[in-house]
Amino acid sequence: MIVARVLGTVVCTQKNPKLEGFKLQLVQAVDYKEFKGEGKPLVAVDSVGAGQGEIVLVVSGSSARQTEATQNTPVDAVIMAIVDTIDMDGKIIFRKEDAQ
């Protein structure tokens with residue numbers, strides 16, 4: 001799983017019929033200490049209703065096709081959770097309500 005931030009929404013007027021109804025989000029992996037973007041952004045199917053700026057968990061590869069919503073669909077990355085808190089070594093390093 002990848003900890004990432006939602007950067008924005010990708011709109012496609014023409015897409016594979018199996019993707020109809022799916023929201024596509026532009027996400028970028030983040031450094032878990034400072035939550036700054038790392039690497040190239042990618043497009044992920046949003047299966048949980050995440051919004052711009054939220055910290056999310058993304059799975060990629062064959063795992064992206066394991067959610068109830070994305071089985072047998074042509075996807076390589078899916079947002080499968082919105083992060084509420086991250087606790088590391090007994091310290092909360094991220095709290096959703098503090099990030100807003």
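**Entry 1: the loop at D89**

I began with the loop between strand 6 (85–88) and strand 7 (91–95), where D89 is found. The model I am reading is predicted. I looked up the backbone angle phi of D89 and noted a positive value of about 55°, although D89 is not a glycine. I recorded this because most residues other than glycine have a negative phi. Is D89 buried or exposed? D89 is exposed, as its relative accessible area is 79% and the cut-off for exposed is over 50%.

**Entry 2: a second positive phi, at F35**

I then turned to F35, which sits in the loop between strand 2 and strand 3. F35 is also not a glycine, and its phi is positive, near 60°. For its accessibility I found 11% in relative terms, so F35 counts as buried; the limit for that word is under 20%. I therefore wrote the two residues down side by side: D89 exposed, F35 buried.

**Entry 3: the elements in order**

I next listed the secondary structure of the protein, which comes to 1 helix and 7 strands. Read from the N terminus, the order is β-β-β-β-β-β-β-α. The radius of gyration is 14 Å, close to the 13 Å that the globule rule gives for 100 residues, so the protein is as compact as a globular protein of that length. Along the principal axes, the C-alpha atoms fill a box of roughly 45 × 25 × 25 Å.

I also looked up two overall shares. Of the 100 residues, 32% are buried. Among contacts with a separation of 6 or more, 51% are between residues 24 or more positions apart.

**Entry 4: how the strands pair**

I followed the pairing strand by strand.

- Strand 1 (residues 2–10) and strand 2 (residues 23–29) run antiparallel and are joined by 6 bridges. Within strand 2, A29 stands opposite A4.
- Strand 2 and strand 3 (residues 42–46) also run antiparallel, with 5 bridges between them. Here Q25 has A44 of strand 3 as its bridge partner.
- Strand 3 and strand 5 (residues 77–82) run parallel, joined by 2 bridges. V45 stands opposite V78 of strand 5.
- Strand 4 (residues 55–60) pairs with strand 5 in the antiparallel sense, over 5 bridges. The bridge partner of L57 in strand 5 is A81.

I noted that strand 3 is bridged to strand 2 and to strand 5.

**Entry 5: the surroundings of D46**

I stayed with strand 3, in which D46 lies. What is the nearest side chain of opposite charge to D46? I found K23, at 4.5 Å. D46 is buried and has no salt bridge, because the cut-off for a salt bridge is within 4 Å.

I then searched for other partners of D46. Its side chain makes a polar contact with the side chain of Q25, at 3.4 Å. The side chain of D46 also reaches the backbone nitrogen of G49, at 2.9 Å. Leaving aside residues up to four places away in sequence, D46 touches K23, Q25 and I79. Q25 thus appears twice in my notes, as a contact of D46 and as the bridge partner of A44.

**Entry 6: the salt bridges**

Side chains of opposite charge can pair when their charged atoms come close. How many salt bridges does the count give? The count comes to 3, and I looked up each one.

The side chains of K36 and E34 meet at 3.4 Å, N to O. Both K36 and E34 are exposed.

The side chains of R95 and D98 form another salt bridge, at 3.3 Å from N to O. R95 is partly exposed, with a relative accessible area of 31%, whereas D98 is exposed at 58%.

The side chains of E54 and K96 meet at 2.8 Å, N to O. This pair links distant parts of the chain, 42 residues apart: E54 is in the loop between strand 3 and strand 4, and K96 is in helix 1 (residues 96–99). With a relative accessible area of 16%, E54 is buried. K96, at 22%, is partly exposed.

I closed by setting two buried acidic side chains together: E54 has a salt bridge with K96 and is buried, while D46 is buried without a salt bridge.

Notes: Residues are numbered from 1 along each chain as its sequence is written. This is a predicted model: local features need pLDDT of at least 70, side-chain atom pairs count only at pLDDT 80 or more; totals for chains, interfaces and linings use all residues. Side-chain values use heavy atoms; hydrogens and water are left out. Two strands pair if DSSP finds at least two bridges between them. Helices (H or I, at least four residues) and strands (E, at least two) are DSSP runs, numbered from the N terminus. Buried means under 20% relative accessible area, exposed over 50%, partly exposed in between (1.4 Å probe, protein chains only). Lys and Arg count as positive and Asp and Glu as negative; His and the chain ends are not counted. A polar contact is a pair of N or O atoms within 3.5 Å; within protein, one must be able to donate a hydrogen and the other to accept it, and residues adjacent in sequence count only if both atoms are side-chain atoms. Contact means heavy atoms within 4.5 Å. The radius of gyration is taken over C-alpha atoms; the globule rule is 2.2 Å times the number of residues to the power 0.38.
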